[in-house]
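This report describes a single protein chain for a reader who has not met it before. It begins with individual residues and moves on to helices and the chain as a whole.

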Amino acid sequence: MDNISQDNQEIAQQASAWFALFDSGEVSAEQYLEFELWRGQSEQHAIAYADIELMWEELKHARSSLPVLNKETNIVPITKKRKPIRKMIAMAASVMFVAFCLNLYWNNLLGYTTTASGEISELKLDDNSVVTLSSESAVKIAYDSSRRNVYLKEGEAYFKVSADPDRPFTVIVKDVSVTALGTEFNIKVKADSIEVTGVVHDISIVTSNRKPVILTPGQQLIYGDGGATAVSSVDTKDTTLWQQHKIVFRDKPLVEVVEELNRYSSQTIKIVDKSLEQKKVSGLFSTNATGQAIKDIVKILKIESTEVTPYLLLLH
């Protein structure tokens with residue numbers, strides 16, 4: 001590869017990284033200024049970023065342009081007049097991978113302890129409390145003489161708290177705080193909601209503009225977008241089964257199942273047929289074998305899957 005081609009590839013990778021950061025919605029003023037400086041360095045930088053934006057917009061409309069899969073030959077015909085859909089999706093997979101790496105970098109920079117895909121990590125804190133992190137999770141510990149604050153940015157964690165009446169233990173997730181003096185509970189951060197499950201003893205939950213909610217063992221609170229909350233009874237064994245590298249679904253919509261499996265899979269799974277999203281899935285699966293889980297689900301639901309790249313699998 002000549003120097004010019006190598007430079008262009010590096011600029012394209014930088015543009016993808018910037019796009020992924022902006023797409024995450026978590027950009028500081030300093031990062032925005034740094035981006036503007038980067039884009040203004042040369043015309044090539046500006047063009048590369050514009051190309052990424054254009055590609056992503058085209059990808060949004062790619063669903064309506066997807067050719068029909070020949071089930072007998074498993075071949076996707078591609079017309080010459082259109083940009084190859086597979087190439088566009090492969091580029092998108094590259095952007096998503098860069099987004100993951102960039103997110104991991106910023107989390108570490110901000111002092112968060114993180115886990116990789118499929119990893120479970122146990123943190124023993126100074127007060128003998130224990131935080132068990134699930135796959136693709138990020139947590140930051142902020143202790144001082146009067147309080148014990150823990151920030152869960154993403155993913156899922158199980159908290160086993162040592163009692164200390166003089167220093168409340170509080171987990172902060174966006175605008176939700178969960179406080180306990182000595183107890184065990186589980187918190188999961190999802191795309192559009194936060195799930196808090198009481199396991200041992202009561203916990204107090206405070207959401208924005210709401211009075212505290214007391215959860216007893218076996219109760220789960222779901223805090224959704226817009227501040228909506230719902231409390232229900234759950235089997236705590238199901239909720240904490242991930243610590244044994246297992247996961248159970250009981251009549252769950254496919255869209256929720258895919259969101260969960262993506263946290264453990266090295267291959268991003270996407271549903272391209274919206275009509276499949278609400279199909280119900282039940283079963284016990286290993287988080288160490290998400291590929292087999294998807295094969296089983298595809299067979300059970302009688303749907304199709306297409307592997308675009310080793311990093312992207314489409315359900316249709």
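In this predicted model, Asn149 belongs to strand β5, which covers residues 148-160. With a relative accessible area of 10%, Asn149 is buried, because a residue counts as buried under 20%. Apart from its neighbours within four places in sequence, Asn149 touches Lys140, Ile141, Ala142 and Tyr143, and also Thr170 and Ile172.

A second strand residue may be described in like manner. Val281 is located in strand β16, residues 280-286, and is buried at 4% relative accessibility. Its C-alpha atom is 6.5 Å from that of Phe249, although the two residues are 32 residues apart along the chain. Phe249 is also one of the contacts of Val281 when neighbours within four places in sequence are left aside; the others are Arg250, Asp251, Lys252, Leu254, Val257, Ile297 and Leu301.

Some of these names return in a pair of helices. Helix α7 comprises residues 254-262 and helix α8 residues 290-301. The two pack with their axes 11 Å apart, at an angle of about 170 degrees. Angles over 145 degrees count as roughly antiparallel, and α7 and α8 are therefore roughly antiparallel to each other. Their crossing is left-handed. On the α7 side, the contact is made by Leu254, Val257 and Leu261, while α8 contributes Thr290, Ala293, Ile294, Ile297 and Leu301. Of the residues in this contact, seven are nonpolar, one is polar and none is charged. Leu254, Val257, Ile297 and Leu301 are also among the contacts of Val281.

How are the buried residues arranged around helix α7? Those residues are Leu254, Val257, Val258, Glu260 and Leu261. They cover an arc of only 165 degrees around the axis, so they lie on the same side of α7.

Helix α2, residues 29-39, has Gln31, Phe35 and Trp38 buried. Viewed down the axis of α2, its buried residues fall within an arc of 60 degrees and therefore line one face of the helix. The general geometry of such helices is relevant here: an α-helix has 3.6 residues a turn, so residues three or four places apart point the same way. On the other side of α2, Ala29, Glu30, Leu33 and Leu37 are exposed.

The backbone deserves attention at two loop positions. Most residues other than glycine have a negative phi. Asn128 and Lys174 are listed below with their positive values.

| Residue | Phi | Loop |
|---|---|---|
| Asn128 | near 75 degrees | between β2 (121-124) and β3 (130-133) |
| Lys174 | about 55 degrees | between β6 (169-173) and β7 (176-180) |

Neither value belongs to a glycine: Asn128 has its positive phi as a residue other than glycine, and the same description holds for Lys174. Is Lys174 buried or exposed? At 58% relative accessibility, Lys174 counts as exposed, because the class begins over 50%.

Finally, the chain may be considered as a whole. It contains eight helices and 18 strands. Of its 316 residues, 41% are buried. Among contacts in the chain with a separation of 6 or more, 48% are between residues 24 or more positions apart.

Conventions
Residues numbered from 1 in each chain as written. Predicted model: local features only at pLDDT ≥ 70, side-chain atom pairs only at ≥ 80, totals over all residues. Heavy atoms only, no water. Helix = DSSP H or I, 4+ residues; strand = E, 2+ residues; numbered from the N terminus. Buried < 20%, exposed > 50% of the residue type's maximum accessible area, 1.4 Å probe, protein only. Contact = heavy atoms within 4.5 Å. Arc of directions from axis to C-beta. Axes fitted to C-alpha atoms, helices over the stretch in contact; angles between N-to-C directions. Parallel < 35°, antiparallel > 145°, perpendicular 65-115°, else oblique. Left-handed = near helix turned anticlockwise from the far one by under 90°. Nonpolar A, V, L, I, M, F, W, Y, C, P; charged D, E, K, R; others polar.
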